[in-house]
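Colleague: Please take a close look at one part of this model for me. I would like to follow a single strand and then see what lies around it in the fold.

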Amino acid sequence: MAPGRDTKTAAHDRADTYYAATAGEARSYPPLLGTETADVVVIGGGFTGLASAIELAERGLKVALVEAKTIGWGASGRNGGQVTGSLSGDGAMRRQMRGRLGDAVEDFIWRLRWRGHEIIEQRVRKYAIDCDLKHGHLHAAMKPAHLHELRSALEEAQARGMGSQVELLDRDAVREHLASDRYIAALKNQRNMHLHPLKLAQGEARAAEGLGVRIFESSPVIEIVHGPRPAVVTAGGRIEAKQVLLAGDVFHRLERKRLSGLIFPAMGGIVATEPLGAQAKAINRDDLAVYDCRFVLDYHRMTADGRLLFGGGANYSGRESRDVAAELRPAIEATYPSLKGVRIDFQWTCAMGVVINRVPQLGKLSANVWYCQGYSGHGVATTHVMGEIMANAITGDLGRFDVFAACKPIRVPFGDQLGNPLLAVGMWYFGLLERLK
């Protein structure tokens with residue numbers, strides 16, 4: 001593939017990413033034609049929809065899933081592939097959930113951080129999903145102001161019995177792991193993971209199909225019918241169900257009266273270099289995923305075939321980028337000077353669904369129509385927790401769902417028009433504050 005190749009739609013409307021090039025033969029699913037029935041119909045073939053469909057099918061429900069494009073087409077199949085216990089909205093969660101949970105809010109948030117890891121690991125084993133799953137992660141400090149965050153995370157992990165899996169590294173110890181002088185310290189975490197997200201999505205789709213879930217691709221939903229017997233309508237067909245779950249995150253334009261102004265696209269850029277051969281181990285000795293402590297951060301890791309996968313430079317205007325490789329090359333070469341001039345074989349963008357207070361949004365649009373969205377760049381693990389929560393709620397256990405549903409989302413007036421410009425200004429402001437630390 002030519003250096004600097006940009007993002008184009010490929011076969012089956014798949015973005016031209018490193019993941020699409022290495023995921024192997026994708027299982028194709030038919031479009032929805034005619035009328036179907038189900039206990040639950042899920043809208044969206046990303047991680048939220050797939051995780052929810054599996055959970056519901058494992059409980060014995062008859063499930064259908066409709067996807068506008070292909071399985072894992074959006075952020076679920078394009079992200080950085082890091083499965084971490086980070087929650088960007090934990091502060092807002094504490095404030096809003098404390099009234100309902102009291103002091104138990106700390107335990108609730110701690111379990112939320114790590115439940116996604118458990119689900120993914122169990123699912124990969126149970127359904128034999130080959131997704132290049134590996135353990136090991138560095139949360140890296142670039143300036144002294146970042147050290148408090150790392151020390152606090154270490155202390156909490158130690159207090160909760162996870163001390164054997166985390167270690168605070170000084171500059172010299174970081175240098176032993178990474179051929180980089182960019183970081184002054186890092187929290188090494190063996191609980192965190194990294195993986196090939198599109199392989200995971202496709203593997204979960206196969207698992208769902210094996211459980212009896214009927215999957216329909218190339219079937220954009222044009223209407224959700226509310227009422228005692230709701231339905232989902234596409235150009236080619238209709239699915240009548242007892243319950244509907246809207247799990248489309250930032251791409252869909254459904255239910256704008258209720259959902260506009262709540263979630264906005266932030267376009268992250270990602271590249272993958274040429275295979276590095278022996279140099280891969282030389283720059284990242286233990287094959288760890290890495291991200292830094294900045295508000296607008298860089299993240300990177302090695303792929304299974306020895307490429308550097310590097311992301312960052314999020315664009316909060318919501319507009320497609322640009323020449324991603326040109327934008328990220330300076331950061332790559334600043335991080336790993338030995339890679340100066342390295343060939344970049346793939347570049348693409350990933351639209352993350354950002355919510356203002358960073359708290360995932362769960363709720364009901366009517367008696368039998370549910371929605372779940374908004375992970376603000378921390379979705380691989382969190383989506384899988386939300387799938388479990390939504391399946392529990394749909395089958396009668398509303399405990400954790402009600403905790404999230406009670407959180408007040410921040411709605412931006414005229415959000416579909418003004419949301420991204422306001423978000424871009426806000427991110428510029430927080431980025432400026434960080435640079436002044």
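Which residue in β12 does A140 of the chain stand opposite?

Modeller: A140 stands opposite D292 in β12. Keep in mind that this is a predicted model.

Start with the strand itself. β4 covers residues 134–141. Six of its eight residues are buried, so β4 is largely enclosed by the rest of the structure.

Now its partners. Strand β12 spans residues 289–292. β4 and β12 pair in the parallel sense, over four bridges. The A140 and D292 positions belong to this pairing. β4 also pairs with strand β6, residues 185–194. Here the sense is antiparallel, and the pairing has seven bridges. K134 marks a place to look: K134 stands opposite H194 in β6. To trace β4 on screen, then, use K134 with H194 for the β6 pairing, and A140 with D292 for the β12 pairing.

A second strand makes a useful companion view. β2 covers residues 63–66, and both of its faces are covered. V63 and L65 are buried on one side. A64 and V66 are buried on the other. The general background is that side chains in a regular strand alternate between the two faces of the sheet.

β2 has its own partners. Strand β1, residues 34–43, runs parallel to β2, and four bridges join them. V63 is the bridge partner of V40. Between these two strands the chain passes through helix α2, residues 47–58, in a right-handed β-α-β crossover. Strand β7, residues 214–216, is also parallel to β2, with three bridges. In that pairing, L65 stands opposite I215.

Now step back to the whole chain. The secondary structure comes to 13 helices and 17 strands. The chain has 437 residues, and 57% of them count as buried. Among contacts with a separation of 6 or more, 75% join residues 24 or more positions apart. The accessible surface is about 17,600 Å². Carbon and sulfur atoms make up 53% of that surface.

Last, the cysteines, since you may well ask. The disulfide count is zero. C372 has 2% relative accessibility, so C372 falls under the 20% cut-off and counts as buried. C407, at 8%, also counts as buried because its value is under 20%.

Notes. Residues numbered from 1 in each chain as written. Predicted model: local features only at pLDDT ≥ 70, side-chain atom pairs only at ≥ 80, totals over all residues. Heavy atoms only, no water. Buried < 20%, exposed > 50% of the residue type's maximum accessible area, 1.4 Å probe, protein only. Contact = heavy atoms within 4.5 Å. Areas by Shrake-Rupley, 256 points an atom, 1.4 Å probe, with all protein chains shown as cover. Disulfide = S-S within 2.5 Å. Pairing = 2+ DSSP bridges. Right-handed = clockwise from strand over helix to strand, strands pointing away.
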